[in-house]
Amino acid sequence: MKILFISYNYYPPQFGGGLLHTIERLDSLAKRGHSVVACTSGSEGYNSKEIVGNLTIMRSGWKKKKKYLEKAFHHLYFFLWAILQIIIKKYDVVHIGSLPGNNSITASICGIIFSGIIHFKGARTVYLYSLAETESEVVVTTGLSGGLRKIFLRSIDRIVVNSPGLYNGMKEMFPTSTRIIINGVKDEVFQPNASERESLRNMLKLSEEDVIFTFLGTICERKGVDILLNAYNLLSENNKNFRLWLIGPFDKKQNQNLTKSQEPDIRTLADGNNRIKFIGRIDDREELAKLLNASDIFVFPTRREGMPMAPLQAMSSGLPVIISYIPGITDLANIEGETGLYITPGSSDELKSAMLKLAENPALRKAMGGKARDRIVNDFSWQQHVDRWEQLYLGKLND
């Protein structure tokens, strides 16, 4: 099977856990013998063609995008170059990733044109839809922007969503094309490792009495980092052995999707508390796995999600989790009272209580962490995840 992945953004340099997840999945499919080519936009410091892992990556020529006009031309250049790649390359299926365009209107127009050319060549189209547009609507279809978005999605042969919460809304609008594939975890990378845990904690001069709360994701309000910092600040006043690690981008340099208005407001909540550590963005999966191994409790008080990878990676690493309860989205892997605890989104009091409950009970943490690991291996393994995507690309996934 020949797969073409067309995406304006690529990882690196652009940040995005979902994007990295897609690339890792395509790499796994290439290992199985499928031909996979990824076409993305040009970026300074990156070659126009390279082999990374098992993927062939091709980048459009124009790389400058710092100034407004340069960025506009960067989008246009990639759009025209991508059309050429779609026309000249041979493939069975095209996975459309992020679209070029300076706004949602132009992005949808680009997607409609891409899809039309792909179908003209007799190939199938795939598109991953992983985050609801608002808290109340999966897809906004009103107005010019919404109307074009709907036309684009109607042109896609298979729209993939990664949670039941998204599936119900998408299935209602696009009944024949919507498919659900739950995210999987690279469980061979994210796994408990006692020796690595001891080594890193010794290097950081941490004892087993020290309790490490860890968050993984973009440091922003949508992820609930503000209530996490508030809860931790209150707990740490009377618990000097509590520490908080925040792993993830916290400024626009590390995540181009983070707005400047979010940057200072969140981080100032940590002022004066030297037991809060902003670790920043980590691209290396092995390094990330080591940090999770050295942690004790994973905290993810998000307000809005698609199907988050971070809690699954933590569970795979043998950590108990504290997660916001969003039905059909964050409740897919965690089992309340067995593998972790749930809180109401936005509730700092519930978060503080859950953090204290696990921090004060090492035996409970160990029991939950063990069950969390088993849950991932049995139901969210990487092998199962790639199998399902392979069936989708082959046109054999009918449910």
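Contact here means heavy atoms within 4.5 Å. With that in hand, let's work through some exercises on this predicted model, in which local features need pLDDT of at least 70, side-chain atom pairs count only at pLDDT 80 or more, and totals for chains, interfaces and linings use all residues. Residues are numbered from 1 along each chain as its sequence is written, and side-chain values use heavy atoms, with hydrogens and water left out.

**Exercise 1. Two buried residues**

Work out where Ser 28 sits and what Ser 28 touches.

Solution. Begin with the secondary structure: Ser 28 belongs to helix α1, residues 17–31. (Helices are DSSP runs of H or I with at least four residues, strands are runs of E with at least two, and both are numbered from the N terminus.) Next, check accessibility: the relative accessible area of Ser 28 is 13%, so Ser 28 is buried. (Buried means under 20% relative accessible area, exposed over 50%, and partly exposed in between, with a 1.4 Å probe and protein chains only.) Finally, leave out residues up to four places away in sequence, and the contacts of Ser 28 are Trp 382 and Val 386.

Now do the same for Ile 266.

Solution. Ile 266 is part of helix α8, residues 262–267. Its relative accessibility is 4%, so Ile 266 counts as buried. Not counting residues up to four places away in sequence, Ile 266 touches Ile 219, Cys 220, Glu 221, Val 225, Asp 226 and Leu 229.

**Exercise 2. The faces of α12**

Find which residues of α12 are buried and how they are arranged around the helix.

Solution. Take the length to start with: α12 covers residues 362–379, 18 in total, and spans 26 Å from its first C-alpha to its last, close to the 26 Å expected at 1.5 Å a residue. (The expected span is 1.5 Å times one less than the number of residues.) Then list the buried residues of α12: Arg 365, Met 368, Gly 369, Ala 372, Arg 373 and Ile 376. Viewed down the axis of α12, these buried residues fall within an arc of 140 degrees, so they line one face of the helix. (The arc is that of the directions from the helix axis to the C-beta atoms.) A general point helps here: an α-helix has 3.6 residues a turn, so residues three or four places apart point the same way. Turn to the face away from the buried side, and you meet the exposed residues Ala 363, Lys 366 and Asn 378. Last, look for the cover: the buried residues of α12 are covered by elements including β9 (211–216), β12 (297–300), α10 (310–316), β14 (340–343) and α11 (348–359).

**Exercise 3. A pocket that α12 helps to line**

Describe the second largest pocket and its lining.

Solution. The volume of the second largest pocket is about 480 Å³. (On a 1 Å grid over the protein atoms alone, a pocket is an open set of points with protein on both sides within 12 Å along at least five of seven lines, a cavity is a set where a 1.4 Å probe fits but cannot get out, and lining residues have an atom within 4 Å of a point. Grid points are joined across faces, edges and corners, and a volume is the space filled by probe spheres set on the points.) Of its 20 lining residues, the closest to the centre are Arg 197, Asp 296, Gly 318, Arg 365 and Lys 366. The largest share of this lining, six residues, comes from α12.

Terms used. Nonpolar A, V, L, I, M, F, W, Y, C, P; charged D, E, K, R; others polar.
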